[in-house]
Amino acid sequence: MVAFGKYLQRKQIEEWRGYYINYKLMKKKVKQYAEQIQGGSQHPRHVLKDFSRMLDTQIEKTVLFMLEQQGLLAGRLATLRETHDAVLEQPDISRIVELRESYREVARDLLQLLVFVELNAVGLRKILKKFDKRFGYRFADYYVKTRANHPYSQLQQVFKHVGVGAVVGAISRNLHELQENEGSFYSIYDQPALPLQDPVVEALKTAVDKLAHSTNFLNFLAQHALIMQDDLQTPSEDTIDERTYHFNSLLLNLGNTFLYMVNTYIIVPTADDYSMSLGAAATVCGVVIGSMAVAQVFSSVYFSAWSNRSYFKPLVFSSIALFIGNLMYALAYDANSIALLLIGRLCCGLGSARAVNRRYISDCVPLRIRMQASAGFVSASALGMACGPALAGLLQVKFKIYKLTFNQSTLPGWVMAVAWLFYLVWLCISFREPLRDTEEQEEPERTNPNETISTADREENSRVEEGLRKPLLITSGLKPEDEEEEDCDDSEESPEDSHRPANSFRAAYQLLTPSVKVQLLIYFMLKYAMEILLSESSVITSYYFSWTTSSVAIFLACLGLTVLPINMIVGSYVSNMFEDRQILLTSEIIVFFGILFSFNLFVPYTVPQYVISGLIMFVAAEVLEGVNLSLLSRVMSSRLSKGTYNGGLLSTEAGTLARVVADATITLGGYLGRGHLLNATLLPSLVICIGSIVATCCTYNSLY
């Protein structure tokens with residue numbers, strides 16, 4: 001198998017040879033550093049500083065050359081523009097053909113430049129991975145993070161490639177103008193959805209899509225969903241996704257997410273009243289709300305396993321379970337049965353298909369819109385969280401039909417039962433089960449004896465292309481054959497081992513690094529604090545402030561409506577000014593103060609104190625959740641990107657367990673009396689928050 005260093009030398013353009021990164025020199029330097037550290041002649045800190053300087057120099061050389069070439073291409077386009085204007089004034093077929101060929105020539109040169117950038121990016125990724133493997137650091141994450149976020153870093157040019165986009169736009173627009181479109185006065189900007197016919201433009205678009213891009217709001221919001229990926233694909237790899245993708249199925253998947261979140265929070269404003277109407281204490285609302293989370297702990301596992309074989313059947317089962325669960329919840333009032341109420345909520349929890357929702361987006365949505373679909377998942381969840389309490393506030397009516405009672409307690413169950421019934425019908429009509437191509441079906445095509453290319457050459461080419469397709473930020477395992485002979489003692493685990501999914505919770509837990517465990521602890525803490533605030537809101541506000549159900553519903557809806565604006569601010573601005581670990585620790589401290597200010601200690605408890613402290617805690621927890629999941633999506637093992645026990649399932653289980661414990665805390669705190677409930681439930685939140693802050697400080701240097 002060809003090594004990357006030799007492949008890089010073979011693919012280099014002779015005239016540009018001095019501007020590629022010196023991969024062989026840096027690899028030798030890594031070996032030299034290892035010998036120096038082992039011999040005690042060099043301190044690791046000096047090695048990191050020296051290696052960083054070398055990388056900065058290599059990247060600067062490459063980026064400055066890239067900018068120079070972009071300028072040359074822009075100059076050629078400006079010259080062609082003058083000719084273009086003259087041709088439009090006096091049309092001539094031969095000159096138009098000649099001009100179009102000139103634009104294509106510029107496009108082909110731009111393609112060469114894009115290959116140049118990609119080769120250097122792959123070389124940088126490989127050398128960073130080699131450095132981390134040799135010394136046991138996570139230097140690659142630190143280096144890319146610090147350079148990418150700095151306003152004067154040359155690495156920004158590789159990520160944003162703004163100049164490249166401008167050149168592609170100029171070529172695309174001018175070629176489109178020169179096409180035979182008599183009678184049309186529209187450009188590509190007036191009709192952006194119009195397919196571009198020229199193959200060279202399509203090739204440019206594909207090449208640009210292969211380059212990594214910088215973090216923005218959409219990317220941040222998508223990472224908030226923690227939809228894990230093994231490797232970022234390129235458009236050329238995305239043919240299977242295009243065949244399996246079905247827009248209506250994606251909408252149904254997001255609809256399931258939205259309705260489930262509405263179903264979760266629609267009962268929160270009235271759960272205490274419902275419990276008392278059935279003869280239980282108001283604080284039993286913790287058990288009523290939390291029973292759904294208890295069932296979700298188990299349902300997440302079997303839904304995750306079920307999604308290995310099908311998506312349609314789990315969604316059908318989810319809809320039926322939620323329809324039946326909501327019917328039980330609504331009928332419990334006339335049956336005067338708290339047991340039927342709890343069974344109904346347990347049944348709703350057994351219908352939680354969030355693991356399927358995440359998995360569908362990860363496996364069945366094309367790369368070109370996967371980021372938007374992931375952001376849609378988060379948006380649907382946030383909208384459902386806001387709509388649930390708001391809808392409960394609107395259902396303040398009371399009437400009877402035959403022996404069935406419809407009031408503020410039962411109407412949430414009836415409304416959601418009808419909603420899930422309509423959803424089930426829509427699902428059966430419109431959902432399309434994605435195709436599932438197995439490796440066994442593809443193997444004969446790869447080993448067809450009639451192919452004119454030899455098997456060795458085919459394997460070599462596919463291996464090299466695979467190396468080129470992996471983006472700069474991915475640090476998944478390299479194949480041993482891709483290393484040069486002098487590095488044979490430095491071989492990595494086989495591709496089968498490096499990509500084999502975990503087959504149990506124990507195996508998945510063993511793949512977690514200490515920093516990832518801390519981040520899961522943070523996720524547990526913030527979900528616990530948020531659940532305490534939301535679930536006990538009706539009990540606390542009715543006791544201290546005599547709030548009605550409508551008032552509680554408005555308060556909770558306003559909290560839910562802050563989710564997307566806060567994520568927009570963090571994703572678009574804050575994350576570009578500060579490191580993620582700085583935002584993480586700051587958000588934890590703000591959550592701590594929000595919890596602390598919520599205690600009822602020495603002064604009469606007032607509405608401003610409760611609302612302001614609750615808003616501070618909730619907003620800080622939302623910021624913390626977004627940054628925490630963004631970090632998790634980048635640093636979790638690639639083996640947790642697929643299979644039943646994936647990273648999404650682990651985060652879901654951590655959050656669900658936090659909700660279960662929080663709701664149990666509310667019910668247990670109720671035995672102390674409603675007057676002591678607030679402080680009794682806030683104290684564990686404070687202790688867990690302090691523990692997470694301490695853990696974050698202990699692992700601060702390993703969080704990127």
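The expected span of a helix is 1.5 Å times one less than its number of residues, and helices themselves are DSSP runs of H or I of at least four residues, numbered from the N terminus. The structure discussed here is a predicted model, in which local features need pLDDT of at least 70 and side-chain atom pairs count only at pLDDT 80 or more, while totals for chains, interfaces and linings use all residues. Residues are numbered from 1 along each chain as its sequence is written, and side-chain values use heavy atoms, with hydrogens and water left out.

Two helices illustrate the span rule. Helix α25 (residues 549-561) has 13 residues and should therefore span 18 Å, which agrees with the 18 Å between its end C-alpha atoms. For the 19 residues of helix α27 (residues 580-598), the expected span is 27 Å, and its end C-alpha atoms are 27 Å apart, in agreement.

Both helices contribute buried residues, where buried means under 20% relative accessible area, exposed over 50%, and partly exposed in between (1.4 Å probe, protein chains only). In α25 the buried residues are T549, V552, A553, F555, L556, A557, L559 and G560. Those of α27 include the charged residues D580, R581 and E588, together with V591, F592 and I595.

V591 and I595 recur in the largest nonpolar core, a nonpolar core being a set of buried Ala, Val, Leu, Ile, Met, Phe, Trp, Tyr and Cys residues joined through side-chain atoms within 4.5 Å. This core has 115 residues, of which L250, L427, V591, I595 and F618 touch the most other members. Helix α23 (residues 514-535) gives the most to this core, with 13 residues. Contact means heavy atoms within 4.5 Å; leaving aside residues up to four places away in sequence, F618 touches M385, M530, L533, L534, L559, G560, T562 and V563. A second, separate core contains 47 residues, among them M26, F65, L77 and V201.

The charged side chains form another theme. Side chains of opposite charge can pair when their charged atoms come close. A salt bridge is here a side-chain nitrogen of Lys or Arg within 4 Å of a carboxyl oxygen of Asp or Glu, and a search of the whole structure finds nine of them. One joins E14 to R17, with the closest N and O atoms 3.0 Å apart; E14 is exposed, at 55% relative accessible area, whereas R17 is partly exposed, at 33%.

Another links R53 and D50 at 3.3 Å, N to O. Because these two residues are three apart in helix α3 (residues 44-89), R53 and D50 are separated by about one helical turn. An α-helix has 3.6 residues a turn, so residues three or four places apart point the same way. R53 is partly exposed at 44% relative accessible area, as is D50 at 27%.

Helix α4 (residues 93-135) holds E105 and R108, again three residues apart, and their side chains meet in a salt bridge of 3.3 Å, N to O. E105 and R108 also belong to a network of salt bridges with E101 and R104.

What is the position of D272 with respect to salt bridges? D272 is buried yet has none, and the nearest side chain of opposite charge, R674, is 5.1 Å away; in this count Lys and Arg are positive and Asp and Glu negative, while His and the chain ends are not counted. D272 lies in helix α12 (residues 271-277) and, residues up to four places away in sequence aside, touches A282, C285, S538, V539 and S542.
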